[in-house]
Amino acid sequence: MRWWLALALSLVCARAWAHKPSDSYLALGRGEATLAGRWDIALRDLDDVLGVDQNADGELTWGELRRAAPRIESYARESLRASSDHGLCRLSFGSMAVTKHSDGGYASLPVRFDCGVPVRRVRLRYELLFSRDAQHRGVVQLEDEGAPPIVFTKSRREVELDLTTKPRSSLLEPLALGVDHIWHGYDHLLFLLALLLPSVLRREGGRWLPTADFRASLGDVVRLVTAFTLAHSLTLGLAASGWLALSPRLVESAIALSVVLAALNNLFPLVERERWLAAFGLGLLHGFGFAATLLDAGTAGSSFGRTLLGFNLGVELGQLAIVLLLLPAMFGLRRSPRYPRFVLGLGSAVVLLVSSIWLVERAFDVRVIS
Amino acid sequence: MRARRVLAVVGALTALLGLTSLVTSPRPARAQPFVPSSDLQVLEHVPKRLPGAQREPSRDPLVAEQRARYALELYQRNADPRQLGRAEAELGAFWESSQAPVPIVVLRARLRATNHEFEAALGDLNAALAREPDDAQARFERATISTVLGRYDQARADCGRLAPLVSDLFGVGCRAAIRGLTGDARAAAADLAETLGRSPRRPAERGWAESLLGELWLRAGDTPRAEQSLKAALRSTPDDPYTLATLADLLLDAGRDAEVVSLLRRHESVDALLLRASIAEKRLALGKFQAHAVELGERFDAERLRGSEVHRREQARFELSVRGNAQRALELALANFAVQREPWDVRLVLEAALQSRQPRRADRACRFVAESGLEDPWVRRLVQKLAEAAH
């Protein structure tokens, strides 16, 4: 692992001090009475104004940033105001995270303006950093992707947003995101594969035998998929609405571990009858992963219920498509004497290999920020 | 029956392999917010400083000027654009005022010129010189900006007025910079070298003059002497981004790509230098090229997002030499040429027009070369090639 860490370290050094003019990035979604989203402010700027690097050693750590969170929030509160005809909109912050843009680390603040009653127009006033850096700009990206951003400058500090022209939140967009996430979020795909491969077999006296008929296989698949779906829907809902939060690194590592375990169980069966229970337990984890994708897509401002519903439906549809694709083929092959060794054995071995690499990568955090 | 099964097994295995090959393709890098797992994780490197260093801009013109000047010096040393914004902020209320003291107006002009607001900068300098005709700094700034814009008569007149006000080195250097662009580079270089050797100089002065000397030798086509002068300049002012860029260009033109990589190794935070390093890395097929190209692309994207057009010259070169998109490079180079007229501004138009096979679109640049007498050997060669291509 040493060379990996060394590489990570050299990345840190090479990227330190990247030079770019100072910008903050506001990704906002428009609701009926709300503006909500994420505000990314460069750590260098925050340090410059608030002295976040308390021990002045030139290295800004997560601990220092966390301790400065109240000061950062009150500075942010002074610097960004939204008001409607009914007066100021109430600003609240979610718990701070960090992210990275082309020039280094940023604090990422979930922000939410609540104007109380549905309004047509909101005036947004931006004052961050101008007295310190006259070239600073605030780049606002509204939810409709593709539209050019609104840019706050020293001489343009106020804009008016129309809350009624927002693109209607559809079920289709999050649905597509959900399908896409299953098909391109390879860890979920591999997990499903590892779960499904043994479904056309049954275990008897330490040997794999083909299932008697299609109903038996289908029953097994339905149990597994239902358990997995129920579990991940539960945690997806909880995490996406902010009730539960886990460190993404922990979640990502645990998801990789779940794929490792599923593959291992195919090779050295331990759980046989209660595989649906395992699917449920691991599904709880995957829900957190889904939630991260959903939140990252920046849909926080638009109608949350529809987005969640659409995304979850998309995930299930994507999953169903895989089952429909794999099950008939597996069922047709199940009687072949090669199925246990080649399809199940080799397939699980490949899954095991890939997921182990993920596990190591994620647990040791090769994607280093800054 | 057997054959069908074998076929099915092969099919299933191919599907599996397909899946795993998908896995190895990298996921798109997105700025996902995350919560670090340890309080000790270092998120960013920031300047070390004394507590309480931060304060509001001063209302005292002397203090404001001093602080702004300091920020500008930091910018010139390490090319960090945040320092430009700092300098502007330090000038605070004086930024908009037409009654500001002359030194502040001149400083404001310098900041505006650095942001490529050349006309506004000239406006400031005209006003300053109307009030203080003998302000050497203002004369020098106006000569420099006029040179960049290709207005050599104005530049010559200002250098003439400047000479009696400053040391011999600045007087000669001011004129030499124009002579170097208008067909008299060799003699100008000889004059400047002679003046430089006449008496001992401070390192900053030396560095400036040697760097200029290097450029003059380049214009004159004397690469060995140019290299010698630029390296001497780097001994006086080791990390000067401008000199490093000029030397890197010389090495790139000579095909000495490996030397470019080692020259710029410690300077990749400066966009203009990272750009040159990437060109060398691409030619050498080095592994870090990909990451650097992506990083540059991200920085230019971020700049477009904020609505800034300051670095079109670098962007044009990026499209031309890193991404190999001559069409896009030509558009950027032409937009840049409408604002700036230094040899590289001209050269990029010519190269992009040649590579995108649209020699006609370089007509204005070619006319400028003919009228100004610009004698850069690369520019000359490209003009020749374009003339051949047009026939």
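**Salt bridges, strands and the A–B interface**

Counted over all chains, the salt bridges in this structure come to 53. Before I go further, I should state that we are looking at a predicted model. I shall begin with individual charged pairs, then turn to the sheet in chain A, and after that to the contact between the chains.

The first pair is in chain A, where the side chains of A:Asp48 and A:Arg132 form a salt bridge, with 2.9 Å from N to O. A:Asp48 belongs to helix H2 (residues 43-50) of chain A, while A:Arg132 sits in the loop between E9 and strand E10 (137-142) of chain A, so this pair ties together parts that are 84 residues apart in sequence. Are these two residues buried or exposed? A:Asp48 has a relative accessibility of 14% and counts as buried. A:Arg132 is likewise buried, its relative accessible area being 10%. Please keep A:Arg132 in mind, as the residue returns when we reach the interface.

A second pair in chain A is A:Glu127 with A:Arg125, whose side chains meet in a salt bridge at 2.9 Å, N to O. Here the accessibility values fall in another class: A:Glu127, at 28% relative accessibility, is partly exposed, and A:Arg125, at 34%, is partly exposed as well. The pair also belongs to a network of salt bridges that links A:Arg125, A:Glu127, A:Arg157 and A:Glu158.

For chain B, I have chosen B:Arg110 and B:Glu141, whose side chains form a salt bridge of 2.8 Å, N to O. B:Arg110 lies in helix H4 (residues 102-114) of chain B and B:Glu141 in helix H6 (residues 136-148) of chain B, so the bridge ties together parts that are 31 residues apart in sequence. B:Glu141 counts as buried, with a relative accessibility of 4%.

Let me now place A:Arg125 in its strand setting. In chain A there is an open sheet of four strands, in the order E5-E4-E9-E12, and the pairing is antiparallel. Which strands form the edges? They are strand E5 (87-88) and strand E12 (158-162) of chain A, each of which pairs on one side only. Within the sheet, strand E4 (residues 80-84) and strand E9 (residues 121-126) of chain A are joined by four bridges in the antiparallel sense. A:Arg125 in E9(A) stands opposite A:Arg81. Thus A:Arg125 faces an arginine across the strand pair and takes part in the salt-bridge network already described.

One further residue of chain A deserves a brief word. A:Asn265 is located in helix H8 (residues 248-267) of chain A. With a relative accessible area of 16%, A:Asn265 is buried. Leaving aside residues up to four places away in sequence, its contacts are A:Leu270, A:Val271 and A:Arg275.

As for chain B overall, it has 20 helices and one strand. Of its 391 residues, 50% count as buried. If we take the contacts in chain B between residues at least 6 apart in sequence, 55% of them join residues at least 24 apart.

I come now to the interface. How many residues does each chain bring to the contact? Chain A supplies 79 residues and chain B supplies 62 residues. Together the two chains bury about 6,600 Å², and 56% of that area is on carbon and sulfur atoms. On the side of chain A, the residues that lose the most area to chain B are A:His19, A:Arg44 and A:Arg132, which together account for 12% of what that side buries. A:Arg132 is therefore both a partner of A:Asp48 in a salt bridge and one of the residues that lose the most area to chain B.

Turning to polar interactions, 19 residue pairs are in polar contact between chain A and chain B, counting pairs with both residues at pLDDT 80 or more. By class, the side of chain A that touches chain B has 33 nonpolar, 21 polar and 25 charged residues. Seven salt bridges are found across this interface. Among them is the one between B:Glu88 and A:Lys154, whose closest N and O atoms are 3.1 Å apart. Helix H11 (residues 338-363) of chain A gives the most to the side of chain A that touches chain B, contributing eight residues.

Finally, the two chains also pair through strands. Strand E3 (residues 59-61) of chain A and strand E1 (residues 42-45) of chain B run antiparallel and are joined by three bridges. Within this pairing, A:Thr61 stands opposite B:Val42 in E1(B).

Notes. Residues are numbered from 1 along each chain as its sequence is written. Chains are lettered from A and ligands numbered from 1 in the order in which they are written. This is a predicted model: local features need pLDDT of at least 70, side-chain atom pairs count only at pLDDT 80 or more; totals for chains, interfaces and linings use all residues. Side-chain values use heavy atoms; hydrogens and water are left out. Contact means heavy atoms within 4.5 Å. Buried area is the accessible area (1.4 Å probe) that two parts lose on being put together, summed over both. A salt bridge is a side-chain nitrogen of Lys or Arg within 4 Å of a carboxyl oxygen of Asp or Glu. A polar contact is a pair of N or O atoms within 3.5 Å; within protein, one must be able to donate a hydrogen and the other to accept it, and residues adjacent in sequence count only if both atoms are side-chain atoms. Ala, Val, Leu, Ile, Met, Phe, Trp, Tyr, Cys and Pro count as nonpolar, Asp, Glu, Lys and Arg as charged, and the others, Gly among them, as polar. Two strands pair if DSSP finds at least two bridges between them. Buried means under 20% relative accessible area, exposed over 50%, partly exposed in between (1.4 Å probe, protein chains only).
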